[in-house]
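This report takes up the cysteines of the model, then its pockets, and then one residue of a pocket lining. Please keep the sequence and the structure in view while reading.

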Amino acid sequence: MAKSTPFFTSLKDLFAFLELPEPSTQVANSRFSFLVSRHFASKMEKGNPNDPLLREILPTEEENRIVEGFCDDPVGDGESEKEPGILQKYKGRVLIEPTFTCSLHCRFCFRRAEPKRSLENFTNRLDAWLSKTADIHEVILSGGDPMMLPKPKLDELFDMILSKEQVKTVRIHTRTPVTYPQIFDAEFKGSIFPTLQKVAEKKKLVVVVHVDHPNELDDASAKVFQNLQKLNATLLNQSTLLKGINDSGAVLTELSFKLFSQGVLPYYLHQLDHATGVAHFEISDAQALQIVEEVRQAVPGYLVPRLVREIAGEGSKTPIVHP
């Protein structure tokens with residue numbers, strides 16, 4: 001028997017694994033394909049079609065609705081792009097997208113409709129751009145998921161970044177600690193941990209993980225974060241508020257406590273970016289503020305994430321506050 005891959009690319013195969021009735025034909029628009037890691041799927045409750053982790057990655061007919069105000073580039077990535085995969089939105093920082101590959105396709109992704117441009121010769125192009133942009137002190141790796149970059153290319157990219165004296169901080173945004181944690185294991189062929197260790201020896205390392213629900217955290221994620229703490233990495237979390245998944249003070253309170261137990265501080269709680277096909281996940285600002293207030297009453301202040309939204313063209317995230 002052929003060895004199974006670490007990913008489900010077929011909804012039918014995932015439903016069989018979860019012991020759910022075979023789904024009807026793929027109902028979501030094919031512009032955004034289906035993908036989920038087996039590790040992430042293993043945390044879903046078998047036989048439960050309403051499992052919150054399943055709902056994060058389940059294609060539905062609602063994605064095909066055209067809703068006013070929802071568009072393909074809701075956060076203005078295109079306007080901020082200096083050249084393919086290199087964006088400058090914030091003073092002193094550059095956001096790079098060295099890969100479009102992820103370990104799962106979140107159905108609420110704000111980059112789900114992003115055109116897949118050529119990233120050929122990316123490291124050399126970034127090297128040249130940094131060399132003529134002397135005020136950049138932080139490189140932010142996004143994507144896609146930068147930790148899904150093939151290790152030789154990841155090493156090449158980091159070697160170049162480490163050579164830049166102007167860069168003091170390397171920030172990595174990733175889902176892999178909860179979706180594909182084996183890549184951080186020193187025993188895993190192609191482990192990225194030695195690469196991160198090298199980064200942490202020369203630069204300040206910040207890892208921002210994306211966890212939306214406490215069920216995403218497990219013993220494997222705890223081990224990843226424990227190892228990253230040994231590198232003196234700053235560990236932060238950002239979540240997206242999602243209707244029917246985590247739009248509950250009780251759920252987000254549990255998430256804050258569970259993150260803290262694994263050494264991660266809640267950072268941002270994002271209101272939904274208005275990408276085409278995601279409107280069914282949205283809750284109102286009034287609901288969001290009420291939820292955050294419930295969390296505030298239940299946890300210490302340092303465990304309350306900042307409620308924000310990203311507005312195209314703004315130089316920072318915009319806090320959402322009571323009118």
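A search of the whole structure, which is a predicted model, finds 0 disulfides. A disulfide is a covalent bond between the sulfur atoms of two cysteines. For Cys102, the closest cysteine sulfur is that of Cys109, and the two atoms lie 6.3 Å apart, too far for a bond, since a disulfide would require the pair to be within 2.5 Å. Taken from the side of Cys109, the closest cysteine sulfur is likewise in Cys102, at 6.3 Å. As for their surroundings, Cys102 is partly exposed, with a relative accessible area of 21%, and Cys109 also counts as partly exposed, at 24% relative accessibility.

The pockets come next, and the table sets out the two that rank highest by volume.

| Pocket | Volume | Lining residues | Nonpolar | Polar | Charged |
|---|---|---|---|---|---|
| Largest pocket | about 1000 Å³ | 42 residues | 15 residues | 14 residues | 13 residues |
| Second largest pocket | about 200 Å³ | 13 residues | 6 residues | 4 residues | 3 residues |

In the largest pocket, the lining residues that lie nearest the centre are Phe110, Arg111, Ser142, Gly143 and Gln238. The elements that give two or more residues to this lining are the strands β5 (93-96), β7 (169-174), β8 (204-210), β9 (234-240) and β10 (265-270).

The second largest pocket has a volume of about 200 Å³, and the lining residues closest to its centre are Leu119, Phe122, Thr123, Lys153 and Glu156. Here the helices α5 (122-131) and α6 (151-162) each supply at least two residues of the lining.

Which residues does Arg111, one of those nearest the centre of the largest pocket, touch beyond its neighbours in sequence? Arg111 has its place in the loop between β5 and α5, and at 9% relative accessibility it counts as buried, because the limit for that class is under 20%. Leaving aside residues up to four places away in sequence, Arg111 touches Asp77, Leu95, Glu97, Ser142 and Gly143. With two of these residues there are polar interactions to describe: the side chains of Arg111 and Ser142 are joined by a polar contact of 2.9 Å, while the side chain of Arg111 reaches the backbone oxygen of Gly143 at 2.8 Å. Ser142 and Gly143 are, like Arg111, among the residues nearest the centre of the largest pocket.

Definitions and conventions
Residues are numbered from 1 along each chain as its sequence is written. This is a predicted model: local features need pLDDT of at least 70, side-chain atom pairs count only at pLDDT 80 or more; totals for chains, interfaces and linings use all residues. Side-chain values use heavy atoms; hydrogens and water are left out. Buried means under 20% relative accessible area, exposed over 50%, partly exposed in between (1.4 Å probe, protein chains only). On a 1 Å grid over the protein atoms alone, a cavity is a set of points where a 1.4 Å probe fits but cannot get out, and a pocket is an open set with protein on both sides within 12 Å along at least five of seven lines; lining residues have an atom within 4 Å of a point. Grid points are joined across faces, edges and corners, and a volume is the space filled by probe spheres set on the points. Helices (H or I, at least four residues) and strands (E, at least two) are DSSP runs, numbered from the N terminus. Ala, Val, Leu, Ile, Met, Phe, Trp, Tyr, Cys and Pro count as nonpolar, Asp, Glu, Lys and Arg as charged, and the others, Gly among them, as polar. A polar contact is a pair of N or O atoms within 3.5 Å; within protein, one must be able to donate a hydrogen and the other to accept it, and residues adjacent in sequence count only if both atoms are side-chain atoms. Contact means heavy atoms within 4.5 Å.
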